[in-house]
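Hi everyone, and thanks for making time today. I'd like to walk you through a structure that is probably new to most of you, so let's put it up on the screen.

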Amino acid sequence: MPGVPITTTLALGFILGLRHALDADHIAAVAALGESRDGFRRALVNGISWGIGHALTIGVAGGLALALRSAIPERLALVFELAAALMLIVLGALALRGALIDRLHVHEHRHDDLTHAHLHFHAARHAVDPGGPAPHRHPHPARFALRPFVVGCVHGLAGSAALALLVLATVPTVVAGCLYLLLFGAGSTAGMMLMSLALGAPLVIARRRALWLSSGLRAAAGLSSLGIGLALAWKTGVVGGLF
């Protein structure tokens with residue numbers, strides 16, 4: 001931007017990164033990733049992991065475009081967008097499945113040497129009754145950040161083409177462009193960390209008060225992710241001319 005100091009441009013990169021975290025597809029993805037069982041700590045880790053993956057692919061793809069002084073091919077950009085759309089569809093389906101599993105449970109009983117199972121829905125007070133059985137927990141600490149990291153990587157690829165064009169037209173040198181991408185990635189990571197906490201809070205609070213409400217919120221997040229993914233796939237594949 002002629003006449004604008006480079007420090008102002010770089011600061012703008014950080015602010016735009018914060019704003020980038022509020023895009024509808026990003027919010028839908030992080031909401032669908034939400035898990036009420038592990039509390040705010042999981043929500044925080046999800047946001048940070050998403051931001052790191054997003055910043056990594058933005059930096060690699062955008063850095064290559066800057067180094068080559070060439071924009072990412074339009075058809076390749078559409079492929080990246082379609083990958084993000086398909087990922088949202090998968091995340092939505094998994095969130096809906098998780099909401100149903102939260103509500104359904106199987107108990108086995110044995111009567112006169114015969115074992116049979118009963119399928120039932122959890123009652124709302126089942127989640128908060130201190131006298132009831134302990135909730136089932138299956139923590140996986142080794143892979144806690146893998147899914148949001150991969151989601152962030154795919155989103156980073158999907159947004160790299162437009163960002164590379166912006167940086168090519170804005171900054172005078174490759175070094176300044178790389179600094180811009182770094183600050184943009186830091187801003188998007190900070191923004192998604194805050195957004196993940198904000199989206200995770202209702203799930204955590206709802207699970208402590210009523211399991212049916214927690215499941216309902218998770219189902220709503222799944223439907224949102226599924227709907228946005230289908231709309232984005234249609235826009236990219238059909239309207240955008242990929243197919």
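Let's start with one residue, Leu157, which is found in helix α5. Keep in mind that we are looking at a predicted model. Is Leu157 buried, exposed or partly exposed? With a relative accessible area of 30%, Leu157 is partly exposed, because that value falls between the 20% and 50% cut-offs. Setting aside residues up to four places away in sequence, Leu157 touches Thr57, Ala61 and Phe80. There is also a pairing along the chain to point out: Leu157 and Gly53 are 104 residues apart in sequence, and their C-alpha atoms are separated by 9.8 Å.

Now let's zoom out to the whole chain. The secondary structure comes to seven helices and two strands. If you read along the sequence, the pattern goes α-α-α-α-β-β-α-α-α. The chain has 243 residues, and 42% of them count as buried. Take the contacts with a separation of 6 or more: 81% of those are between residues 24 or more positions apart. As for the outside, the accessible surface is about 13100 Å², and 70% of that belongs to carbon and sulfur atoms.

So what about the inside? The largest nonpolar core has 23 residues, and those with the most contacts inside it are Ala29, Trp50, Met87, Leu88, Leu91, Val151 and Met192. Helices α2, α4, α5, α6 and α7 each supply at least two residues of this core. Which helix gives the largest share? That would be α4, with eight residues. To get a feel for the packing, look at Val151: leaving out residues up to four places away in sequence, Val151 touches Ala29, Leu33, Trp50, Met87 and Leu91. There is a second, separate core too, made of eleven residues, including Leu168, Val171, Leu181 and Phe184.

Next, let's go to the beginning of the chain and look at helix α1. Helix α1 covers residues 6-20, which is 15 residues, and reaches 21 Å from its first C-alpha to its last, close to the 21 Å expected at 1.5 Å a residue. Its buried residues are Thr9, Leu10, Gly13, Gly17 and His20. Seen down the axis of α1, these buried residues fall within an arc of 100°, so they line one face of the helix. A bit of background helps here: an α-helix has 3.6 residues a turn, so residues three or four places apart point the same way. On the face of α1 turned away from the buried side, you will find the exposed residues Thr7 and Ile15.

Let's stay with His20 for a moment. His20 counts as buried because its relative accessibility is 14%, under the 20% cut-off. Its side chain makes a polar contact with the side chain of His54, at 3.1 Å. Beyond residues up to four places away in sequence, His20 touches His26, His54 and Phe184. You may remember Phe184 from the second core.

One last stop: Arg69, in the loop between α3 and α4. Most residues other than glycine have a negative phi. Arg69, however, has a positive phi of about 55°, although it is not a glycine. Arg69 counts as partly exposed, at 43% relative accessibility.

That's my tour, and I'm happy to take questions.

Terms used
Residues numbered from 1 in each chain as written. Predicted model: local features only at pLDDT ≥ 70, side-chain atom pairs only at ≥ 80, totals over all residues. Heavy atoms only, no water. Core = buried A, V, L, I, M, F, W, Y, C linked by side-chain atoms within 4.5 Å. Buried < 20%, exposed > 50% of the residue type's maximum accessible area, 1.4 Å probe, protein only. Helix = DSSP H or I, 4+ residues; strand = E, 2+ residues; numbered from the N terminus. Contact = heavy atoms within 4.5 Å. Expected span 1.5 Å × (residues − 1). Arc of directions from axis to C-beta. Polar contact = N/O pair within 3.5 Å; in protein donor to acceptor, adjacent residues only side chain to side chain. Areas by Shrake-Rupley, 256 points an atom, 1.4 Å probe, with all protein chains shown as cover.
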